Amino acid sequence: MGNINELINRLAHDNMTVKPAPHPYKLSLKWMGWAVAYLVVALAFSGVRPDLPAKLHQPMFVAELAALAGIFITTSLSASLLSFPDIHQLRRLAFAPLIAFALFLLVMFLAWQADNPPAPLPVHSFQCTLGITMMSFLPAAWIFYVMRKFASTHYHLAGCCALLFAFSIGAIWLRLYEVNNSIMHVIEWHYLPMIAFGIIGLWLGKNILKW
């Protein structure tokens, strides 16, 4: 009994302060800020595609970038919300990536329809998927490290959104860097691998974020 009373007194007089967790909005903005900085540095080293000024005058290319940005923003927000056990009572926002992906699918379908006659396929194939994966590795490792400090009870979805957030960074970088006008190639080697990344994210979430 004496040991219990001593423990209670020690805890009662413990002046250690616990730093409150940031709001998910603030956390998401921080992640996006670091990701944009990473993207800028990557483009500074790799350079941008020489035809980028002309491409930015093409509505479908701009729509594709905007749709990718939508995935980037919503997966960041969703991952930050899913990092908390109660999702901050913002369950609907946590599923915002579903809307972003639906819009992205619509944009890519319209781009595929507009690519008539189809642009010639580039000589390479899987190298694009490999490039996106390599660009996504550091953001993925960082965001999983940060999310591990929280107490997610939705670790499958949190891991999926985290990995898709990282993938979107690599996908944006490659579209701004690679000279490639083939929509079929872009769909096959840039965006279809998102499905595999999402599945891997579900697995990583269970193994890394579960507590």
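Start with the whole chain on screen: of the protein's 211 residues, 44% count as buried. Keep in mind that this is a predicted model.

**The overall view**

Switch to cartoon and colour by secondary structure. You'll see ten helices and zero strands, so the pattern along the sequence, by the DSSP runs, reads α-α-α-α-α-α-α-α-α-α. Turn the C-alpha trace along its principal axes and the spans come to about 85 × 35 × 25 Å. Now think about contacts: among those with a separation of 6 or more, 85% join residues 24 or more positions apart.

Put a surface on. The protein exposes about 12200 Å², and carbon and sulfur atoms supply 72% of that. If you colour the charged side chains, there are 13 positive and 8 negative ones, and the centres of the two sets lie 8 Å apart.

**Stop 1: Ser 28**

Select Ser 28, which sits in helix α2 (residues 24-46). Its relative accessibility is 3%, under the 20% cut-off, so Ser 28 counts as buried. What does Ser 28 touch, leaving out residues up to four places away in sequence? Show Ser 76, Leu 77 and Ser 80, and you have its contacts.

**Stop 2: Phe 104 and Tyr 191**

Next come the aromatic rings. A search of the whole structure turns up six aromatic pairs. For one of them, select Phe 104 and Tyr 191: the ring centres are 4.8 Å apart and the planes stand at 85 degrees, so this pair is edge-to-face. Phe 104 belongs to helix α6 (residues 96-114) and Tyr 191 to helix α9 (residues 183-191), so the pair ties together parts that are 87 residues apart in sequence. Buried or exposed, which is Phe 104? Phe 104 counts as buried, at 4% relative accessibility. Tyr 191 is buried as well, at 6%.

**Stop 3: along helix α8**

Now pick Trp 173 and Tyr 177. Here the ring centres are 5.1 Å apart with the planes at 10 degrees, so the pair is stacked. Both residues are in helix α8, four residues apart, which puts about one helical turn between them. Colour these two by accessibility: Trp 173 is buried with a relative accessible area of 10%, while Tyr 177, at 37%, counts as partly exposed.

Stay here and select the whole of α8, residues 155-177. This helix is mostly covered, with 20 of its 23 residues buried. Try the distance tool on its end C-alpha atoms, which are 33 Å apart. Why does that figure make sense? At 1.5 Å a residue, a helix of 23 residues should span 33 Å, so the two values agree.

**Stop 4: the cis bond before Pro 117**

Go to the loop between α6 and α7, where you'll find Pro 117. Most peptide bonds are trans. The one from Asn 116 to Pro 117 is cis, with omega near 0 degrees.

**Stop 5: Thr 129**

Finish in helix α7 (residues 126-147) by selecting Thr 129. With a relative accessible area of 16%, Thr 129 is buried. Which residues is Thr 129 in contact with, leaving aside neighbours within four places in sequence? Bring up Trp 189 and Pro 193 as sticks: Thr 129 is in contact with these.

Key
Residues are numbered from 1 along each chain as its sequence is written. This is a predicted model: local features need pLDDT of at least 70, side-chain atom pairs count only at pLDDT 80 or more; totals for chains, interfaces and linings use all residues. Side-chain values use heavy atoms; hydrogens and water are left out. Helices (H or I, at least four residues) and strands (E, at least two) are DSSP runs, numbered from the N terminus. The expected span of a helix is 1.5 Å times one less than its number of residues. Buried means under 20% relative accessible area, exposed over 50%, partly exposed in between (1.4 Å probe, protein chains only). Rings of Phe, Tyr and Trp (its six-membered ring) pair if their centres lie within 6.5 Å; planes under 30 degrees apart count as stacked, over 60 as edge-to-face and the rest as tilted. Contact means heavy atoms within 4.5 Å. Accessible areas come from the Shrake-Rupley method with a 1.4 Å probe; for residues, only the protein chains shown count as cover. Lys and Arg count as positive and Asp and Glu as negative; His and the chain ends are not counted. The place of a charge is taken as NZ of Lys, CZ of Arg, CG of Asp or CD of Glu.
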